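I opened this notebook to record what I looked up in one chain. The entries follow the order in which I consulted the coordinates.

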Amino acid sequence: SPRASPRPAFSLVRSVTLSWTQRNDMAITEVRMIHAGDWGPAGTLVSINVEEGELKSSIRRKVAGVTGLPYEHVKIMLVSVAQIGASDRRSNIVHGNCGVAMGTALVYPAAKADIKPHKPLATPNRLDNKGSWTEGA
């Protein structure tokens, strides 16, 4: 009977080295939870580590671990060019999009540079549904 040849030792060493290198290149980002849940009110920020070029499936696993949601129920989306949002697919929120998001955009570079996600400031200026602009005080 033919015997399977053993795996070369260098492949194991190489994979361990790559994993160690990737861990040194992680940055912390804040994921915005779209609705309330066990993690807190809507808009709660949960922190996870991200790597450059990380897959959305890996980010889903991390969000599931932090929030306690089952992996298959976690919905991940970009809520800005530099921030990821997450929610529970079982909620009453309809998840749609108005474009295609490829990858994770600028989430990793922003996290690596310790840039906090954009928070819009309140303004007294208003644009109503008819397109009329109102200058605030």
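The entries below go from the whole chain to a sheet, and then to one strand and one loop residue.

Entry 1, overall composition. I note at the outset that this is a predicted model. I looked up the secondary structure and found 3 helices and 6 strands in the chain. Read from the N terminus, the elements follow the order α-β-β-α-β-β-α-β-β. Of the 137 residues, 24% count as buried. I recorded an exposed area of about 9900 Å² for the chain, with carbon and sulfur atoms supplying 57% of it. Among contacts with a separation of 6 or more, 41% are between residues 24 or more positions apart.

Entry 2, confidence. Which parts of the chain have the lowest and the highest confidence? The pLDDT of the chain averages 75, and 66% of the residues score at least 70. Helix α1 (residues 9-24) is lowest, with a mean of 39, whereas α2 is highest, at 93. Over residues 5-22 the pLDDT is below 50, and this stretch has 1 contact in the model beyond near neighbours in sequence. I keep in mind that predicted coordinates should not be read in detail where pLDDT is low.

Entry 3, the sheet. I traced an open sheet of 4 strands with mixed pairing, in the order β2-β1-β4-β3. β2 (45-50) and β3 (74-80) are the edge strands; each has a single partner strand, so one side of each lacks a neighbour in the sheet. On average, neighbouring strands of this sheet are turned by 40° against each other, direction ignored. Helix α2 (residues 56-67) lies across β1 (27-33), β2, β3 and β4, and runs at about 135° to β2.

Entry 4, the partners of β4. In which sense does β4 pair with β3, and over how many bridges? Strand β4 (residues 83-88) and β3 are antiparallel, over 6 bridges, and a hairpin of 2 residues joins β3 to β4. I checked two positions in this pair: Lys 75 stands opposite Ser 87, and Met 77 stands opposite Gly 85. With β1, strand β4 pairs in the parallel sense over 2 bridges. On that side, Met 33 stands opposite Ala 86 in β4.

Entry 5, burial of β4. Are the residues of β4 buried or exposed? I found that 6 of the 6 residues of β4 are buried, so the strand is largely enclosed by the rest of the structure. Gln 83, Gly 85 and Ser 87 point one way from the strand, while Ile 84, Ala 86 and Asp 88 point the other way. Residues pointing either way are all buried.

Entry 6, Ile 34. I then looked up Ile 34, which lies in the loop between β1 and β2. Its relative accessibility is 30%; because the partly exposed class runs from 20% to 50%, Ile 34 counts as partly exposed. Which residues does Ile 34 touch, leaving aside those up to four places away in sequence? I listed Ala 42, Met 77, Val 79, Gly 85, Ala 86, Ser 87 and Ile 93. One of these, Met 77, is 43 residues from Ile 34 along the chain, and their C-alpha atoms are separated by 9.9 Å. Three others in that list, Gly 85, Ala 86 and Ser 87, are among the buried residues of β4 recorded above.

How values were computed: Residues are numbered from 1 along each chain as its sequence is written. This is a predicted model: local features need pLDDT of at least 70, side-chain atom pairs count only at pLDDT 80 or more; totals for chains, interfaces and linings use all residues. Side-chain values use heavy atoms; hydrogens and water are left out. Two strands pair if DSSP finds at least two bridges between them. Axes are lines fitted to C-alpha atoms, for helices over the stretch in contact, and angles run from 0 to 180 degrees between N-to-C directions. Contact means heavy atoms within 4.5 Å. Buried means under 20% relative accessible area, exposed over 50%, partly exposed in between (1.4 Å probe, protein chains only). Accessible areas come from the Shrake-Rupley method with a 1.4 Å probe; for residues, only the protein chains shown count as cover. pLDDT is the predictor's confidence in each residue, from 0 to 100.
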